[in-house]
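Let's walk through this model together, going from its sheet to its core and then to one helix and one of its residues. Here is the structure to keep beside you.

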Amino acid sequence: MLKYKYRNFAPNMAENKLSVYSDEHFMKEALKEAQKAFERDEVPVGAVVVCNNQIIARAHNLTEQLIDVTAHAEMQAITSASNHLGAKFLEDCTLYVTVEPCPMCAGALFWSRMGKIVFGASDPKKGYSTISTKMLHPGTEIISGIMAKECGQIMTTYFKRKR
Ligand SMILES: [Zn+2]
């Protein structure tokens, strides 16, 4: 019986998704990932990849755990999303990431042809825009500053604790 209930419920859910699932909604999910990183003593950056209003990948920074400087949240998220879709290119996807991507991740995002990138806090020291805003794919839409305060606060707290 439960199965039928879900089936009946599903079409209504799909109709409501556009209005319910805002950029803030998905950035909150990316922040949850950043929190996981924080708890594991990693630089707290989190990301999710969304396709058709569904989260298809969740990731956070793993550079300490994997002993790998390339294990940024965005890199994990791209790999995970492509695995999920069985596709190299992510034109129909949106990446939500708590902090402005670094040049390495901007390069990877370029190759992925990510449809849209939404980031929270700017990174005036290590963000890709310190080099060039042209690093991202010309077809990629960029939105910045979504929940910037919360996304920046967790980084500030982390680095204060490290000192
Ligand atoms: Zn990066």
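## The sheet

Five strands form an open sheet in the order β2-β1-β3-β4-β5, with mixed pairing. Strands here, like helices, are DSSP runs numbered from the N terminus (E of at least two residues for strands, H or I of at least four for helices), and two strands pair if DSSP finds at least two bridges between them. β2 and β5 (141-144) stand at the edges with a single partner strand each, so one side of each has no neighbour in the sheet. From one strand to the next, the twist averages 15°.

Before going on, a word on the source: this is a predicted model, in which local features need pLDDT of at least 70 and side-chain atom pairs count only at pLDDT 80 or more, while totals for chains, interfaces and linings use all residues. Residues are numbered from 1 along each chain as its sequence is written.

Inside the sheet, β3 and β4 run parallel and are joined by five bridges. Leu 95 stands opposite Ile 117 in β4.

## The nonpolar core

The largest nonpolar core (buried Ala, Val, Leu, Ile, Met, Phe, Trp, Tyr and Cys residues joined through C-beta atoms within 7 Å) has 41 residues. Among those with the most contacts inside it are Ala 30, Ala 47, Leu 95 and Val 97. The largest share, seven residues, comes from α2.

Val 97 also shows some of its surroundings: leaving aside neighbours within four places in sequence, its contacts are Ala 30, Val 45, Ala 47, Ala 73, Glu 74 and Phe 119. A contact means C-beta atoms, placed from the backbone, within 7 Å.

## Helix α2 and its partner

α2 lies across β1, β2, β3, β4 and β5, running at about 140° to β1. Angles run from 0 to 180 degrees between N-to-C directions, with axes fitted to C-alpha atoms, for helices over the stretch in contact.

The axes of α2 and α5 come within 10 Å and cross at roughly 5°. That makes the two helices roughly parallel, a label for angles under 35 degrees. On the α2 side the contact is made by Leu 31, Ala 34, Gln 35 and Phe 38, and on the α5 side by Glu 150, Cys 151, Ile 154 and Tyr 158.

## A closer look at Leu 31

Is Leu 31, in helix α2, buried or exposed? Leu 31 counts as buried because it has 21 C-beta neighbours inside 10 Å; the cut-off is 20 or more for buried, with 12 or fewer for exposed and partly exposed in between. Leu 31 touches Gly 46, Thr 98, Met 147, Glu 150 and Cys 151, not counting residues up to four places away in sequence.

Key
Contact = placed C-beta atoms within 7 Å. Parallel < 35°, antiparallel > 145°, perpendicular 65-115°, else oblique.
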